[in-house]
Amino acid sequence: MQDKWTAPKKLDQAEVANLAAALNLPPLIVAILMNRGLTDAAGIRAFLNVDLSQLTTPDHFHDLDRAVARIEQALDDNEKITVYGDYDADGVTSVAILVDTFSALGVDVDYYVPSRFSDGYGPNLARYQELVAQGTKLLITVDNGITGVDEVAYAQAHGMDVIITDHHDLPAQLPEAYAIVHPRHPQSTCDFGYFAGAGVAFYLAWGLLGDMPVELLDLATIGTIGDVMPLVADNRLLVAAGIKQIQADPRLGLTALAELAKIDLTQIDARQIAFGIVPRLNSLGRVGSARPAVALLTTFDDQAAAKIAQDVEQTNRQRQDLVTEVLAQAQTQLANEPTPKAIVVAGSDWAEGVLGIVASRLVDQYQCPTLVLSIAGETGVAKGSGRSVGEFDLFQALADYQTHFQKFGGHAGAVGLSLDATEIAGLREHLQNAAQSQSTAITATSGLSADYALSPTEVASLTPELIGQLATILGPFGEKNPEPNFMFDQLPWQQWQAIGKDQQTLKGVLTPQIEALAFRAGNLAPRLRQAGSQVALLGSLGTNTWQSQTKVQIMINGVQFLTPAATPKSASVQPQESPQPANPTPTTTRSTAPSAPSNRASESPASTSTSEKTPGQASALAKYNTDHWQWPQQQFEVVDCRRLHLGAQMLQHPWTYICFDSRLSQRLGQRYQQVNFISHPDQLTTPTAATVFIDLPRQVSQLQAYLQILQTPRLYLLFYTAPKRREQLKLQIPQLRALLKEIYQQPAIEQQQLTQFAEHCRLTPAQLDFGIRVFSELNFVKMDKDRLVANRQAVKQPLTASATFRQQQAMQQAYQQLALGSLQQVARFLKQA
């Protein structure tokens, strides 16, 4: 619990009000963003935009196309492929992403999750030698590999090509791998370079599948949060979309895990992932093997998911006991030490798997860089983990000492290493000297900052609804985008008490609807009662629901005891600009829409809130969403109307309206008889002032055919996709395979049971109908007297043998690129397709 923090800047309230009105946002949210350095409408819009179409595309990654080509060659030649991961949450989600990707390609791939205890951190030569001996011809690393110079050299020399996908800091010498996919590679053109390992794996999956694999966003999200990567720029887009996916359609393993953890997935946020899901996935690798985590995240078997989740829960409790034990021993060693500049603490045979957690706890307590090492009694080798604080780059601070290390890797905020125990004293001296010389980096952001000082009136008006808005608009919260901290100064608190079994939790009551809570701070209750209103608090806002009643809950992060005439100590601190994201988090500028942010991946033209806009309003919106396309015949001004409703407000001009679906054209023509709807290029006769593409083409070539002959200065893109069609487009190959497996497990399914069967398979009726049509074409199933039965004698053949499936694949490509991409991406895709 800290007693100092930086006060918020004094803002011009008129400026806040004007900006809030222009952005249609609550003034409180605008004030927070202004305190964080976003002082104009453009900057705020850019930050709030979580549209997946703004994601960096795979072509910006060095060697990604080379990696994809090599993988496709391996698939054609039926070579053995092994994915080599890591044992933390980022590592296992990275492996799961590629396992799911190869499954979508019809391939069961081998994967290896190293042991923290026998393999150590990063590449392991002995394991590479085993993989070569076992016949692996292509090794794909995820969340590791960039330091494996010797290991990769051995593999390449012995006929095993290596594709490295990694995100950790680049060493001075890169391995001579077949391909290196890394966002900060010197030849990468990524504007944003700080993806998690799962984020890089997501991009490799994107390259392999040809379309953005939205079904893998949940795994990329868990890996990104689990590795504490900055939630800005592309990571913010990935995590925002991934959380929505988990809320709406969680995979079986997450559902089983959440049930035991008592997490409501429909309301899950980044914090619950960080403190509920990630520690459980991490616990496997900390105590034993992390391989079951991959099985949990990729299984389609309810019973298997439940069994693995139970094992994970038991392992997590064991991990918690180990943390308590090692932390107590480390604190005992430090109890009589002066306030340290940096900590290097070691113990005999401490549980290696929890050293990183213990280091984080000590950083919280001492606010300095920390290394925690376990000395193996048999070998005298010390293995450990380190955590940094503030802007202190722990990786760089230790880089010039790594000649003393047997193994070393990591990034600015966290490292893993091993060395002989005799080197520990020298390591301690080196790190303390580095901390002493960079003390300003340690304290730069290690202290707390207030984003806004709430007046008594504003405190009284806090509601769960407003707090929900804060989380929805400003979240997801995490590294480099923390939850807002509010200052509460000299309020009339009614009660303070220590609660809980060990009386370690502090609880305060301000009003019947507003409470405060602080863990491990119950000892402050007597002082707070004595201080009365002469106290200033710093805390974040949340809600707590108990017995169907929801209250505002302040999570206390700082306490200042004041003298009766005093103002908060932090008020005397010179106001500062909100610190810019520390290296490694460069800012990224993106094109944005002028309206409030929305996730286009989860919206449709028929459901978005902009459906009530008039044509005049649509034009005002369009001026911010336009592009110019130069086509062989002429240049078009292109207007993005993909968020608008398919209704009367769009269908009342003397323009040309193109429908790719002739049935839709016919229905609209009957309703809007004054409008000229066409459904074939031959119907284009005369030039018009504007042309509107109403719906989505089934194939990209249909749209290209119109563009070659259109005579119009302006194109409006609506690309309406019917809800039933959108549901079908969400259906991916793994789901179809799981559906077929379920059908084969049933003796027969009566027609009246199909809806119930769809629910059992976690599919919509439209998705089930599509799957049955595909399977019928392939003779896998048949309808026999109003019953669906499996044809167990059917000849095995790929899904691509079905014309219906191939049409859906083409439609999926059109949907991903045309409905979800930016205008610039749409134009580029059309010209390259």
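Let's begin at one aromatic ring: the charged end of Arg-70 sits over the ring of Tyr-178, 5.9 Å from the ring's centre. A second arginine does something similar, for Arg-66 lies over the face of Tyr-178 at 3.8 Å from the ring centre. Please keep in mind as you look around that this is a predicted model.

**Aromatic rings**

Across the whole structure, a search finds 23 aromatic pairs. A pair of this kind is described by the distance of the centres and the angle of the planes. Here are two pairs that share Tyr-203.

| Pair | Centre to centre | Angle between planes | Arrangement |
|---|---|---|---|
| Phe-202 and Tyr-203 | 6.0 Å | 85 degrees | edge-to-face |
| Tyr-203 and Trp-206 | 5.4 Å | 25 degrees | stacked |

Why is the pair of Phe-202 and Tyr-203 edge-to-face? Planes over 60 degrees apart count as edge-to-face, and the planes of Phe-202 and Tyr-203 stand at 85 degrees, so the pair falls into that class. For Tyr-203 and Trp-206 the angle is 25 degrees, and planes under 30 degrees apart count as stacked.

Tyr-203 and Trp-206 both belong to helix 8 (residues 197-209), and because they are three residues apart there, about one helical turn separates them. Are these residues buried or exposed? Phe-202 and Tyr-203 are both buried. The relative accessible area of Tyr-203 is 0%, while Trp-206 is buried with a value of 8%. Ring pairs also link these three residues with Phe-61, Phe-192, Tyr-194 and Phe-195 into a cluster.

**Nonpolar cores**

Phe-202 turns up again in the largest nonpolar core, which has 85 residues. Together with Ile-97, Ile-140, Ile-273 and Ile-277, Phe-202 touches the most other members. Which helix gives the largest share of this core? Helix 8 does, with nine residues.

Ile-140 is a good place to look at contacts in detail. Leaving aside neighbours within four places in sequence, Ile-140 is in contact with Ile-71, Ile-81, Thr-82, Val-83, Tyr-84, Leu-98, Phe-102, Ile-163, Thr-165 and Leu-204. Another core, of 48 residues, lies apart from the largest one, and its members include Leu-23, Ile-473, Leu-537 and Ile-556. In soluble globular proteins, nonpolar side chains tend to be buried together.

**A sheet of seven strands**

Now for the strands. Seven of them make an open sheet in the order 13-14-18-19-17-16-15, with mixed pairing. Strand 13 (452-454) and strand 15 (495-499) each have a single partner strand, so one side of each is left without a neighbour in the sheet. From one strand to the next, the twist averages 35 degrees.

At one edge, strand 15 runs antiparallel to strand 16 (residues 505-511), and five bridges join the two. Gln-495, for example, has Val-509 in strand 16 as its bridge partner.

Helices lie across this sheet too. Helix 2 (residues 27-35) lies across strand 13 and strand 14 (486-489), running at about 145 degrees to strand 13. Helix 20 (residues 464-474) lies across strand 14, strand 18 (535-546) and strand 19 (549-561), at about 100 degrees to strand 18.

**A sheet of three strands**

Further along the chain, an open sheet has three strands in the order 26-28-27, with antiparallel pairing. Its edge strands are strand 26 (749-750) and strand 27 (781-783), each pairing on one side only. Strand 27 is joined to strand 28 (residues 787-790) by three bridges, and the bridge partner of Lys-782 in strand 28 is Val-789.

How values were computed: Residues numbered from 1 in each chain as written. Predicted model: local features only at pLDDT ≥ 70, side-chain atom pairs only at ≥ 80, totals over all residues. Heavy atoms only, no water. Pairing = 2+ DSSP bridges. Helix = DSSP H or I, 4+ residues; strand = E, 2+ residues; numbered from the N terminus. Axes fitted to C-alpha atoms, helices over the stretch in contact; angles between N-to-C directions. Contact = heavy atoms within 4.5 Å. Phe/Tyr/Trp six-rings, centres within 6.5 Å; stacked < 30°, edge-to-face > 60°. Buried < 20%, exposed > 50% of the residue type's maximum accessible area, 1.4 Å probe, protein only. Lys NZ or Arg CZ within 6 Å of the ring centre and 35° of its normal. Core = buried A, V, L, I, M, F, W, Y, C linked by side-chain atoms within 4.5 Å.
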